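Visitor: I am new to this structure and would like a close look at one part of it. Please take the enclosed space inside the protein and the elements around it.

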Amino acid sequence: MKNIPNNSQVARLLKNVAAAYEVTGENQFRIAAYDRAAVAIEHATSEAKDLWDDGKLTEIPGVGPNIASHLDELFRTGKVKHFERVMKGLPLAMFVLLDVPGIGAKTAYKLCRKLKITDAQKAVSQLELAAKQGKIAVIEGFGEKSQHDILDGIKALKQGKTKENRMVLPYATAIAEEILAYLKECPGVLRTDPLGSLRRKVATIGDIDIAVATSEPAELIDWFIKFPKTQKVVEKGPTGATISLRNGRQVDLRVQKPDLYGAMLQYFTGSKHHNIKLRSLALKKGLSLSEYGIKRVTSNKSRVISYKTEEEFYQALGMDWIPPELREDTGEIEAALRQAQGKPDGLPQLVKLSDIKGDLHLHSNFPIEESHDSGVNTILEMATAAISLGYEYLGLTEHNPSQSQHSHQQIKNLIMAKKEAIDQFNSSRTHNLPVKLFNGLEIDIKTDGTLAIPEDCLDLLDYGIASIHSGFGLNRERMTARVLKGLAHSKIKIFGHPTGRKLGQREGYELDWDKVFAFCQKYHKWLEINAWPDRLDLPDILVREAVKRGVKMVINSDAHTKEDLIMMTWGVTVAQRGWAQKADIANTLACGKIENILKGGDI
DNA sequence: GCCGTTTTCGGCCCGACTGTTTTCAGTCG
């Protein structure tokens, strides 16, 4: 059986072709085209193989007829003759060295040639040895410093600096907020903002980047490096500084005068692709963008016009301000332009935390003898916390009682007991709390697609959340069948943490999303956006897809303590990055409407 | 090689940094 390359393997192949072209001196735009296509495929929501099956490869932006035909050959035969010709005569080892930070195509090629590195398996260790023996510094174009930098790069590569080291968003935000509060105490500070992925609220963050507008840059930078948790000052210059904290995290500061702050904020917020699209668009209007502002390209001497705010910057380009969460070049620029021209399909009115009227996935400590971990607080404590958040309703969704430990009747009794407790709460005159409780349950979908609870117990519930907690290894086809079977029961309203991913720990299982979306749309099931910080699941790109297809979602905290309820906010940021509006999110509905839907009525 | 509400041909993002250099090439974000 032939190996079907997945998206990251296809992307890698295209990157290697780009690198090969760079060495052979190919046209720079062709090189850039391969790089763009590689990145697009790496970030695509569907597997390239599936798009190929449907003849839709060129729907990936950056993939045109040429690359599509090469990939066609790849999927049919497992190889691409044209690519083999391009890479012929180049050492395979050079493509491995591209993983070393600081080494690009030309450097990798030169090192392989001069040091006679041919074995791809041992390329990195051979390079390391050569550097330690001083054999790199003597090569023309290299020196002591670059030899040392290569060793640093190899070290970083070995530590897996790229991925495992990323922080989840709430953790990075907490660090940033502490530093921002500290910086605001410095005299002369007018404004502070996070930058980069942190400001765009990406699910995982590499470095923490921060911007400050101040009339006194030098004082601010001195203030910054004295931040109490600083372990080491990595770098300090006139426009910024980098420190590393005692927790090992790196923080970059950029300082700018108030008059230039808007352009800088825009530039360093990114994303890279958003900025590239913006610049190429501006260029068509004869404008050149940079971190300092906008200038006309027609005359050499034209001065740069600066911008105090991002709003003015975007306005100067003929569009409305774009929320940072949307800046990924996935259509937000076009939408902003349409909006500025008064046309339909402008920027979305993103759902807000204050739109959320209830939480439908959380765990109390009610003794239901669950299959997985239970919550720590009582139903009453959870309800009281919900009221302080302004919620109208709450869905208690403990895990189902473990099947192996209980008889059918025991399970029924446990669920009956919880139902009675909730009914009593709802009708109680004693506490009279203005919040409605729903009797829910989080139910495992077993590997054969059946639910881990007897059928007649489902009737006791207001609704069920079906989730996967085991058997992650099924292939895509079986997993999809399993999920759809699990969701089929009329009492199951929500598909919980749908991809099963744990950030920094594991990838999700494989699903045929086309089928899942179609099913949920047809049978009015809600996809959960689980707000738990290391889940954030659905991921933003699938939220976007759900929005496009009219599939409703629900944002839930998955709280196990009363304090956890505020995690909701992270789910909202994911929804925002997926372009979700209030109408896309079920728990923005008032209590009466939710109740009606759960009873099986239309809204 | 890709792409199109100023183009199906003629364009294609910008600047900083770094190291090794006498004026620049490579890498990065």
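Guide: What follows starts at the cavity, then moves to its neighbours and to some unusual backbone spots.

This is a predicted model, in which local features need pLDDT of at least 70 and side-chain atom pairs count only at pLDDT 80 or more, while totals for chains, interfaces and linings use all residues. Residues are numbered from 1 along each chain as its sequence is written, chains are lettered from A and ligands numbered from 1 in the order in which they are written, and side-chain values use heavy atoms, with hydrogens and water left out.

The whole structure holds 1 cavity of 30 Å³ or more. A cavity is a set of points, on a 1 Å grid over the protein atoms alone, where a 1.4 Å probe fits but cannot get out; its lining residues have an atom within 4 Å of a point. The space in the largest cavity is about 40 Å³, a volume being the space filled by probe spheres set on the points, which are joined across faces, edges and corners.

Gln266, Tyr267, Asn275, Leu278, Arg279, Leu289, Ser290 and Phe313 line the largest cavity. Two or more lining residues come from each of helix H13 (261-269), helix H14 (272-284) and strand S8 (287-290). Helices (H or I, at least four residues) and strands (E, at least two) are DSSP runs, numbered from the N terminus. H14 gives the most to this lining, with 3 residues. By class, the lining has 4 nonpolar, 3 polar and 1 charged residues; Ala, Val, Leu, Ile, Met, Phe, Trp, Tyr, Cys and Pro count as nonpolar, Asp, Glu, Lys and Arg as charged, and the others, Gly among them, as polar.

H13 is mostly covered, with 8 of its 9 residues buried. Buried means under 20% relative accessible area, exposed over 50%, and partly exposed in between (1.4 Å probe, protein chains only). The buried residues of H13 include Tyr261, Leu265 and Gln266.

Tyr261 and Leu265 are also among the residues touched by Asp193, as are Leu180 and Arg199, not counting residues up to four places away in sequence. Contact here means heavy atoms within 4.5 Å. Asp193 lies in strand S2 (residues 189-194). Asp193 counts as buried because its relative accessibility is 9%. The side chains of Asp193 and Arg191 are joined by a polar contact of 2.8 Å. Such a contact is a pair of N or O atoms within 3.5 Å; within protein, one must be able to donate a hydrogen and the other to accept it, and residues adjacent in sequence count only if both atoms are side-chain atoms.

Leu180, touched by Asp193, is one of the buried residues of H10.

Now the backbone. Most residues other than glycine have a negative phi, and most peptide bonds are trans. After H13 comes Gly270, with a positive phi near 65°. The peptide bond from Gly270 to Ser271 is cis, with omega near -5°, and Ser271 sits in the loop between H13 and H14.

Elsewhere, another cis peptide bond runs from Asp537 to Leu538, with omega near 20°. His524 is not a glycine, yet has a positive phi of about 55°; His524 is exposed, at 51% relative accessible area. Trp579 also has a positive phi, near 70°, but Trp579 is buried, at 11%.

Note on methods:
On a 1 Å grid over the protein atoms alone, a cavity is a set of points where a 1.4 Å probe fits but cannot get out, and a pocket is an open set with protein on both sides within 12 Å along at least five of seven lines; lining residues have an atom within 4 Å of a point.
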